[in-house]
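Me: Please take a close look at a single part of this model and describe its surroundings carefully. I would like one connected account, with the cut-offs for each term given along the way.

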Amino acid sequence: DISKVKVDEVHQAVFLYNTFVDPRTHQGKAVLKSDENAMHDGKVIDCPFHDAQKGQVVQVVIDNTVDANTVMDYRVPVIGKTLPLAYKKFKSMEKRFTNDVHLSELIDIDQFFSKEEQRLILQFAEAMNVDFAEFDVLRDNQSGKIYIIDVNTTPYGPPAELSKQDHQLAVAQLSAAMKRWIEGQVM
């Protein structure tokens, strides 16, 4: 189950905070989206809001802006009990709820996520019962907190708009992590 409801429930249990709000009592902006994964149908709404339909969820707006026109998500692969690397994915504000990126960067996970955050991400993976996945993670500019907003159990590898050099490096790092995981399973 990789629904938004399940992801938020596990996020609350592991991180001790979550994204869901009650749209009928929340004051201010929120995000209305499908509970189903990969729908890319999020839209910012004003709350209180009384028209949420069955199968929709309402989440806080996470401030992952880089500037007035750009947002940035992290994509974090999980292989076994490791986080071999991560990516930054940049999108225009108009496409923030899509997978349409205009720039991606390969990053060293240790430079962008603390050891405690990495431990919690792996604990989240274990609680979600996934050992091969990619997580969409947002860092809120106001609080500094990270939020895992999507679990992708069919990882597709390096994201679009990554340089050829970084793409090759990412594939090599992911392959090495996969090999170590498989060899660990066999032994």
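Reply: A close look at Asp136 and its surroundings

Asp136 has its place in strand β8, where helices (H or I, at least four residues) and strands (E, at least two) are DSSP runs numbered from the N terminus. The model is a predicted one, in which local features need pLDDT of at least 70 and side-chain atom pairs count only at pLDDT 80 or more, whereas totals for chains, interfaces and linings use all residues. Residues are numbered from 1 along each chain as its sequence is written, and side-chain values use heavy atoms, with hydrogens and water left out.

Is Asp136 buried or exposed? Its relative accessibility is 9%, and therefore Asp136 counts as buried, the limits being under 20% relative accessible area for buried, over 50% for exposed and partly exposed in between, with a 1.4 Å probe and protein chains only. Setting aside residues up to four places away in sequence, Asp136 touches Tyr74, Arg75, Lys89, Tyr147, Ile148, Ile149, Asp150 and Asn152, contact meaning heavy atoms within 4.5 Å.

One of these partners, Tyr147, leads on to the aromatic rings. The whole structure holds five aromatic pairs; rings of Phe, Tyr and Trp (its six-membered ring) pair if their centres lie within 6.5 Å, and planes under 30 degrees apart count as stacked, over 60 as edge-to-face and the rest as tilted. Tyr17 and Tyr147 form an edge-to-face pair, with 5.1 Å centre to centre and 75 degrees between the planes. Because Tyr17 lies in the loop between α1 and β1 while Tyr147 belongs to strand β9, the pair ties together parts that are 130 residues apart in sequence. Both Tyr17 and Tyr147 are buried. Another edge-to-face pair is formed by Phe124 and Phe135, at 5.3 Å centre to centre and 90 degrees between the planes. That pair links distant parts of the chain, with Phe124 in helix α3 and Phe135 in strand β8 (residues 132–139), 11 residues apart, and both Phe124 and Phe135 are buried.

Ring pairs also join Phe15, Tyr17 and Tyr147 into a cluster. Over the ring of Tyr17 sits the charged end of Lys145, 4.4 Å from the ring centre, a placement that requires NZ of Lys or CZ of Arg within 6 Å of the ring centre and within 35 degrees of the ring normal.

Phe15 brings in helix α1, whose buried residues are Lys4, Val7, Asp8, Val10, His11, Val14 and Phe15. They cover an arc of only 170 degrees around the axis, which means that they lie on the same side of α1; the arc is that of the directions from the helix axis to the C-beta atoms. The cover over these buried residues includes β1 (28–34), β3 (56–59), α3 (115–127) and β9 (146–152). Helix α1 itself (residues 4–15) has 12 residues and reaches 16 Å from its first C-alpha to its last, close to the 16 Å expected at 1.5 Å a residue, the expected span being 1.5 Å times one less than the number of residues. Just after α1, Leu16 takes a positive phi of about 70 degrees.

For the wider setting, the protein chain has four helices and nine strands, and of its 187 residues 45% count as buried.
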